Structure formats: structure tokens, C-alpha cells
Amino acid sequence: MSQPKKGRGGRKSRPDYQWIVMIFAMTMVISAVMSLASSQLLDGAGMALSFIILICIVLIGILFDVIGVAVTTADETPFHAMASRKVPEAREALKLIRNANRVSSFCNDVIGDICGVISGSASAVIAARVIAAGVGGTQMIVDLLMSALVAALTVGGKAFGKTFAISESTRIVQMTARVLCFFRKIPALFRKRRKKR
């Protein structure tokens, strides 16, 4: 029987309750925002646009799954070399790798699961519209086809994404760090513009 993992000094590692509470709150907020945004976009959208929105939701889930896997498999060594050359995103990349557990939890569990739930709701809305338009057959058949399509796209996309994330982990982490650096510079840019005025 396996023994519980121990931390440094032979002590048992305890759950990070602060992180658990934070991730719970973040999940509620992000889920509410994404659900509201998707329902607003789907409301009044045509059939073609509804399908595009559904595909985008699935792709967001796959993208974050790729980032989560890449962060857990990436090696710090290339980024230490980048940091020595003063590459701006190197420090951000090292932070991501050193906090891989939290990053993967956020990307894979929070965003991935939320996208899974929302894509299921969106597929139900589209199925209802297909029935209302008189395109499909019975409600059950259309619902099954939509659910199967979403599941196939999600599972197939994540299977491909995981393989890509493992083989290109360094590049993916660097690109993610670059995007984070860009967003962190935005407040400073706004302050500079205000000062110029």
C-alpha cells in the first residue's frame, strides 16, 4: 500500500487551502462570465454563427489544455539561457514552469471543464434550433448527434493537442509567457498616455 507523499523534512504535504478557495472563486466568476457571454452571443445568432461560436468554445478548451500540458512537461534550462540574454518573457516562463501545478489546474481543470459545460449547453441550443427549422429528425436524434460531435471534437482535439504540447513545450510556454508579458504592459501603456495628455 502506497504511503502518503511527504514534504521536505519528512513532513506530510498539506493541501493548499488558500489556493483551493481561490480556484473555487475563480471558477465561479469565470464560469458565470463565459456562460453569460456565450448565451448573449448565441441569442439571436443564425445557425452558421452559432456553429462558429460552438467551435470557438471547444477550441478555447483545447488551447488551454495544450498550455497546461506544455507547462507541466517543459524544462527550465532553455529559459535560464534566455534570461541570461535578457529575453523579456524568460522570467514569466520560469514562473509558469515553477508553478506548473497551479497553472495546469487553472488551464486544464478550470477553463477546460468550463468550456466543456458551456459547449454542451451551446450544442443543446443549436439542436433546438435545428429542430425548430425543420432540418433534422426527432429531438433525441439531433441531441445525440450534436453531443457526439462536440465530444468527438473535444476529445480528438485534446488528444492531438497533448502530443503537440509535449513535443513543442518550450515554444508553447514561451509564447504563453510573451502574451502574459504583453497584457501586463497594458496598464503601464495607459499610464504613459495619460501623462502625455
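The following dialogue between a biologist and a modeller reads the features of a predicted model.

Biologist: Where should one begin, and how many helices and strands does the chain have?

Modeller: One begins with the secondary structure. In this predicted model, the chain has seven helices and zero strands, and its pattern along the sequence is α-α-α-α-α-α-α. Buried residues account for 32% of the 197 residues in the chain. Of the contacts between residues at least 6 apart in sequence, 76% join residues at least 24 apart.

Biologist: How does one read the course of a single helix, and what does α5 reach from its first C-alpha to its last?

Modeller: The span of a helix can be set against the span expected from its number of residues. Helix α5 covers residues 100–132, which is 33 residues, and reaches 46 Å from first to last C-alpha. That is close to the 48 Å expected at 1.5 Å a residue. The helix has a bend of about 25 degrees at Gly 112.

Biologist: Asp 113 also belongs to α5. Is Asp 113 buried, partly exposed or exposed?

Modeller: Asp 113 is partly exposed, because its relative accessibility is 47% and the exposed class begins over 50%. Its C-alpha is 7.7 Å from that of Gly 61, although the two residues are 52 apart in sequence.

Biologist: What is the general idea behind a nonpolar core, and which residues touch the most other members here?

Modeller: In soluble globular proteins, nonpolar side chains tend to be buried together. In this model the largest nonpolar core has 42 residues, and Val 71, Phe 79 and Val 173 touch the most other members. At least two residues of this core come from each of α1 (17–42), α2 (47–73), α3 (77–84), α4 (90–98), α5, α6 (139–167) and α7 (169–196). Helix α5 gives the largest share, twelve residues.

Biologist: Which residues does Val 173 contact, leaving aside neighbours within four places in sequence?

Modeller: Val 173 is in contact with Ala 70, Val 71, Ala 74, Phe 79, Ala 93, Leu 96 and Ile 97. Two of the residues with the most core contacts, Val 71 and Phe 79, are thus themselves partners of Val 173.

Biologist: How may one follow the meeting of α2 and α5 through one residue? What does Ile 57 touch, not counting residues up to four places away?

Modeller: Ile 57 lies in helix α2 and is buried, because its relative accessibility is 9%. Ile 57 touches Ser 38, Cys 115, Ile 118, Ser 119 and Ala 122. Ala 122 is 65 residues from Ile 57 in sequence, yet their C-alpha atoms are 9.0 Å apart.

Biologist: Ser 123 lies in helix α5. Is Ser 123 buried or exposed?

Modeller: Ser 123 is buried, with a relative accessible area of 5%. Not counting residues up to four places away in sequence, Ser 123 touches Leu 54, Met 146 and Val 150.

Biologist: Cysteines invite another check. How many disulfides are there?

Modeller: The count is zero disulfides. As for the setting of individual cysteines, Cys 56 is partly exposed, with 40% relative accessibility, whereas Cys 107 is buried at 4%.

Biologist: How does one read aromatic pairs, and how many are there?

Modeller: One considers the distance between ring centres and the angle between ring planes. There are two aromatic pairs. The rings of Phe 160 and Phe 164 have centres 6.5 Å apart and planes at 10 degrees, so this pair is stacked.

Biologist: Why are Phe 160 and Phe 164 separated by about one helical turn?

Modeller: An α-helix has 3.6 residues a turn, so residues three or four places apart point the same way. Phe 160 and Phe 164 are separated by about one helical turn because they are four residues apart in helix α6. Phe 160 is exposed at 63% relative accessibility, while Phe 164 is partly exposed at 37%. In the other pair, Phe 182 and Phe 183, the ring centres are 5.6 Å apart and the planes are at 70 degrees, so this pair is edge-to-face. Phe 183 is exposed, with 51% relative accessibility.

Biologist: Finally, the backbone deserves attention. What is the phi of Lys 86?

Modeller: Lys 86 has a positive phi of about 65 degrees, although it is not a glycine. Lys 86 is in the loop between α3 and α4 and is exposed, with a relative accessibility of 69%.

How values were computed: Residues numbered from 1 in each chain as written. Predicted model: local features only at pLDDT ≥ 70, side-chain atom pairs only at ≥ 80, totals over all residues. Heavy atoms only, no water. Bend = angle between axes of the 7 residues up to and from the residue. Disulfide = S-S within 2.5 Å. Buried < 20%, exposed > 50% of the residue type's maximum accessible area, 1.4 Å probe, protein only. Contact = heavy atoms within 4.5 Å. Core = buried A, V, L, I, M, F, W, Y, C linked by side-chain atoms within 4.5 Å. Phe/Tyr/Trp six-rings, centres within 6.5 Å; stacked < 30°, edge-to-face > 60°.
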